[in-house]
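Me: I've got this one open on my screen. Can you walk me through it?
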Amino acid sequence: MTSPISLTRYLVEQQRIQSHIPADLRLLLEVVARACKSISRAVNKGALGDVLGTAQSENVQGEIQKKLDIIANEVLIEANEWGGHLAAMASEEMEGIYVVPNRYPQGEYLLLFDPLDGSSNVDVNVSIGTIFSVLKKPDASAGVSESDFLQPGNRQVAAGYCVYGPQTTLVLTVGDGVSMFTLDREQGSFVLTQERVKIPADTKEFAINMSNMRHWADPVKRYVDECLAGSTGVRGKDFNMRWVASMVADVHRILTRGGIFLYPWDKREPGKPGKLRLMYEANPMSWLIEQAGGAATDGRQRILDIEPTQLHQRVSVVLGSRNEVERVTGYHAGL
Ligand code: P6P
């Protein structure tokens, strides 16, 4: 029986074989993974630790912060600021960027994260997760500012998430496919459990918050109505629906068995392109989905090609099994 491959061994071998994981990026990914282990421990404490409930504060999005939102954010900042691999970090939980303090060496990478996505689920013991995206500073020589982060998702050098569910699983891409690592709590290390993840091009499972149906644009209504019509309608097959209200959990299911996830624009706030954030939710998830053979658009264009204008800008998201995403995108184009 071959010995299990740890995340460290996987990254060392990828660095040696593929040489597209420079030493500083390997260090960054190992530090993020270690931070996710700490967050997993805090999440798993639940009512046994002082981690549930709200923190009596709001984040930059105007959302009430959960205690675990703040804990997870602090864990990621403290884990990453001293290593010399980063120039700065950006988080859903912080209005501006966090520049690595002068007392530490600065690196060339930029780390963006949603420290605890789906945190409203933590109080009801449903899977949540950490999402992260890695960019390179455009000009290695200069200082760092918020504008350095405003790069399209097709410029990411690494992306991933850690889902805190029945298992704690780290899912990662550096541009050469998607790999999954499950936390072995006895060893305290992430172990490679799946490589070359592939999403089926077709599916019978869609994920959307159906309570928003009356607010959707017509192309989304048309797509969902056809799914609901099932074998009696134009699709000629029955569909199943899932909605965890935790993007990490819904995306993990899609990477594992296919499906389509939609959080589209709706009429409630017409000026808002969507609910989800481009830089640290949609971009990393879209790259993972594309690296696994799926597709990701905002209903009209490839998410990874969107040129960002604001750090916390939102976007409409349609991602998953390629043929379904292309169908929804086609409906938006009037096909
Ligand atoms: P709703 C969690 O708050 C989140 O940002 C995503 O993880 C999730 O897919 C979505 O919002 C759920 O939104 O409106 O269904 O609660």
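Me: Let's start with E205. Buried or exposed?
Reply: E205 counts as buried, at 9% relative accessibility. Keep in mind that this is a predicted model.

Me: What does E205 form a salt bridge with?
Reply: R257. The closest N and O atoms of the pair are 2.9 Å apart. R257 lies in helix 5 and E205 in strand 11 (residues 205-207), so the salt bridge ties together parts that are 52 residues apart in sequence.

Me: And how accessible is R257?
Reply: R257 is partly exposed, with a relative accessible area of 48%.

Me: Which residues are in that salt-bridge network?
Reply: E205, D250, R253 and R257 are linked in it.

Me: How many salt bridges does the structure hold?
Reply: 19. One of them joins E226 and R222, at 3.2 Å from N to O.

Me: Where do E226 and R222 lie?
Reply: Both are in helix 4 (residues 218-229). They sit 4 residues apart, about one turn of the helix. Residues three or four places apart on an α-helix point the same way, because there are 3.6 residues a turn. E226 is buried, at 13% relative accessible area. R222 is partly exposed, at 37%.

Me: What about E290, which residue does it form a salt bridge with?
Reply: R302, with the closest N and O atoms 2.8 Å apart. E290 belongs to helix 6 (residues 278-291) and R302 to the loop between strand 15 (295-297) and strand 16 (314-315), so this pair ties together parts 12 residues apart in sequence. R302 is partly exposed, with 34% relative accessible area.

Me: Switching to the sheet. What's the strand order?
Reply: 4-3-5-6-7-8-9-10, in an open sheet of 8 strands with mixed pairing. Strand 4 (98-99) and strand 10 (189-194) are the edges, each pairing on one side only.

Me: How do strand 3 and strand 4 run, parallel or antiparallel?
Reply: Antiparallel, joined by 2 bridges. M89 stands opposite Y98 in strand 4.

Me: Which strands does helix 2 touch?
Reply: Helix 2 (residues 23-45) packs on the sheet, touching strands including strand 3, strand 5 and strand 10. Its direction makes about 15° with that of strand 5. Helix 5 (residues 247-257) runs at about 105° to strand 7, one of the strands it lies across.

Me: Last one, helix 3. Which of its residues are buried?
Reply: L68, D69, A72, N73, L76, I77, A79 and N80. Their cover includes helix 2, strand 2 (64-66) and strand 3.

Technical notes
Residues are numbered from 1 along each chain as its sequence is written. This is a predicted model: local features need pLDDT of at least 70, side-chain atom pairs count only at pLDDT 80 or more; totals for chains, interfaces and linings use all residues. Side-chain values use heavy atoms; hydrogens and water are left out. Two strands pair if DSSP finds at least two bridges between them. Contact means heavy atoms within 4.5 Å. Axes are lines fitted to C-alpha atoms, for helices over the stretch in contact, and angles run from 0 to 180 degrees between N-to-C directions. Buried means under 20% relative accessible area, exposed over 50%, partly exposed in between (1.4 Å probe, protein chains only). A salt bridge is a side-chain nitrogen of Lys or Arg within 4 Å of a carboxyl oxygen of Asp or Glu.
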